[in-house]
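Please open the structure in your viewer and keep the selection tool at hand. The tour below proceeds stop by stop, telling you what to select and what you will find there.

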Amino acid sequence: MLQVIWRIPIKLPGLGLDDGIPIYGFGMMLFLAFLVCTWLGGRLGQREGITKEQVQDLAIWLFIGGLLGARITFLIHRPPASGKVLDFIKEIPRIWDGGIVLYGALLGGALSYALAYYLVFRKQGLSTLRLADVVAPTIAVGLCLGRLGCFLNGCCFGQVACVECAVVSAHFPLSAPAREALVDGGAQTTAGFLLYPGVGMPDQPAGARVALVDPGSAAHAAGLRKDDLITAVNGEAVSDAGKVSDVFYRWKRGESKLVLTVRRQGGEEEELAFVPRTVGLYPTQVYEVVSMALLFVVLLAYFPLRHYPGQVMAVFMMGYAVHRYLNEVLRGDPRPEDFERYSSVIVFVAGAGLWVWLWQKSRREAPPSVPTSVPLPVTQAPSENVATTPS
């Protein structure tokens, strides 16, 4: 996991950017997906008589509509605590916090395309079925890159891995969203240790007294022991256990190291630095990266074998629905589970029905001819690009 890939060395203390402007891994992968997918869509589109300019225009429509659908779906499931409509609207553009529900993105993208088709593309004679076949492989690539971004961010994490599966488990640092879910669910102590409630011993001025240290944690390996008194966390003085929790819940995004100033029972003070991590989780993000890479290869191979335009999209719908349904079994992050589970079933049935309908249609009539007026270039430098991204 790498929430911050690097920092632009421009310090803006007034905005809380004391260490420079961060470049987040999640946002970087979304941007890369946008570029790669629009370039790929332009290449595939020219084979179908769809110009590069049409693909680029469509990319903007799908990208905006998809993100709106994804965020709105997530916020309907987990609305702001205030319950105010204005706060709901303010939360929509905060894509850097994750909370991008893929099926919401697909629904938003579909509605966005319907509007774009009515306003623009129907006047250009654009074939929706051919366009769907062009878009299907690009979605697979976008998901592949997007889920890699999820892995870097630490969101969309899996459940606690079984002992036999420890070799394929992933451990996330304290700044990952997984930490809060595991602590709230009682599956893991915060940073590998627990504190006595309230302040330290009566003869101690102030601090948080350590009640228990997980023997297998990074905290124990760094030297933290039961009854140590924590007086500062990351250089910030703490007076009791509640203050330590406050520091944890205000954890700076991208930070991984925890520095504790502790006072031993003998009175000596020591500074302990370590990187606390979660228990091992199933890397469901990586599973989807691999699945979507394989599905992309299948879609490209099936392209020349289709009976009728639109069947590539149908294969994508069935393939992704099967993967998503199985991967959901291992997911452990907060999300609209029933919505995503039932959506997978609906998408699979719809994909199967679409494929059969198009296959029967191909037997009744010859498929529309592919325009040949636009030659496919041997090479083409990427310009602007698109991706549909996940949750």
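What follows is a walk through strands, charged pairs, aromatic rings and a surface patch.

This is a predicted model, in which local features need pLDDT of at least 70 and side-chain atom pairs count only at pLDDT 80 or more, while totals for chains, interfaces and linings use all residues. Residues are numbered from 1 along each chain as its sequence is written, and side-chain values use heavy atoms, with hydrogens and water left out.

**Stop one: strand β5**

Begin by selecting residues 229–233, which make up strand β5; helices (H or I, at least four residues) and strands (E, at least two) are DSSP runs, numbered from the N terminus. Five of the five residues of β5 are buried, where buried means under 20% relative accessible area, exposed means over 50%, and partly exposed lies in between, with a 1.4 Å probe and protein chains only.

Now add the neighbouring strands one at a time, remembering that two strands pair if DSSP finds at least two bridges between them.

- Select β7 (residues 258–263), which runs antiparallel to β5 and is joined to β5 by four bridges; here L229 stands opposite R263.
- Select β4 (residues 208–213), which pairs with β5 in the antiparallel sense over two bridges; the bridge partner of A208 is I230 in β5.
- Select β6 (residues 236–237), which is antiparallel to β5 and joined to β5 by two bridges; A232 stands opposite A237 in β6.

Before leaving, look at the hairpin of β5 and β6, which has two residues between the strands, and pick out N234, whose phi is positive, near 55 degrees.

**Stop two: charged pairs**

The structure holds 19 salt bridges, each being a side-chain nitrogen of Lys or Arg within 4 Å of a carboxyl oxygen of Asp or Glu. Which residue forms a salt bridge with E91 at 4.0 Å between the closest N and O atoms? Select R71 to see the partner. This pair links distant parts of the chain, since E91 is in helix α3 (residues 85–91) and R71 is in helix α2 (residues 52–77), 20 residues apart. E91 counts as partly exposed at 29% relative accessibility, whereas R71 is buried, with a relative accessible area of 2%.

Keep E91 selected and add R94, with which E91 also forms a salt bridge, the closest N and O atoms being 3.9 Å apart; R94 counts as partly exposed at 30% relative accessibility.

Move next to helix α11 (residues 337–364), where D338 and R341 lie three residues apart, about one turn of the helix. Their side chains meet in a salt bridge at 2.7 Å, N to O, and D338 is partly exposed with a relative accessible area of 47%, as is R341 with 30%. For a wider view, select R324, E328, R331, D333, R335 and E340 together, and you will have a network of salt bridges.

**Stop three: aromatic rings**

A pair of aromatic rings is described by the distance of the centres and the angle of the planes. Rings of Phe, Tyr and Trp (its six-membered ring) pair if their centres lie within 6.5 Å, and planes under 30 degrees apart count as stacked, over 60 as edge-to-face and the rest as tilted.

The structure holds eight aromatic pairs. One of them is F151 with F172, an edge-to-face pair with 5.9 Å centre to centre and 70 degrees between the planes. This pair links distant parts of the chain, with F151 in helix α5 (residues 128–153) and F172 in the loop between α5 and α6 (177–184), 21 residues apart. Another is W355 with W359, which is stacked, with 6.4 Å centre to centre and 10 degrees between the planes. Both tryptophans lie in helix α11, four residues apart, about one turn of the helix.

Finish this stop by selecting Y103, F316 and Y320, which ring pairs link into a cluster.

**Stop four: a surface patch**

Lastly, select V322, Y325, L326, V345, F348 and V349, which form a nonpolar patch on the surface with about 530 Å² of accessible area together. Patches are made of residues with over 30% relative accessible area and no salt bridge, like charges being joined within 9 Å and nonpolar side chains (Val, Leu, Ile, Met, Phe, Trp, Tyr) within 5 Å; accessible areas come from the Shrake-Rupley method with a 1.4 Å probe, and for residues only the protein chains shown count as cover. Helices α10 (311–330) and α11 each supply at least two residues of the patch. One of the patch residues, V349, is found in helix α11 and counts as exposed at 52% relative accessibility.
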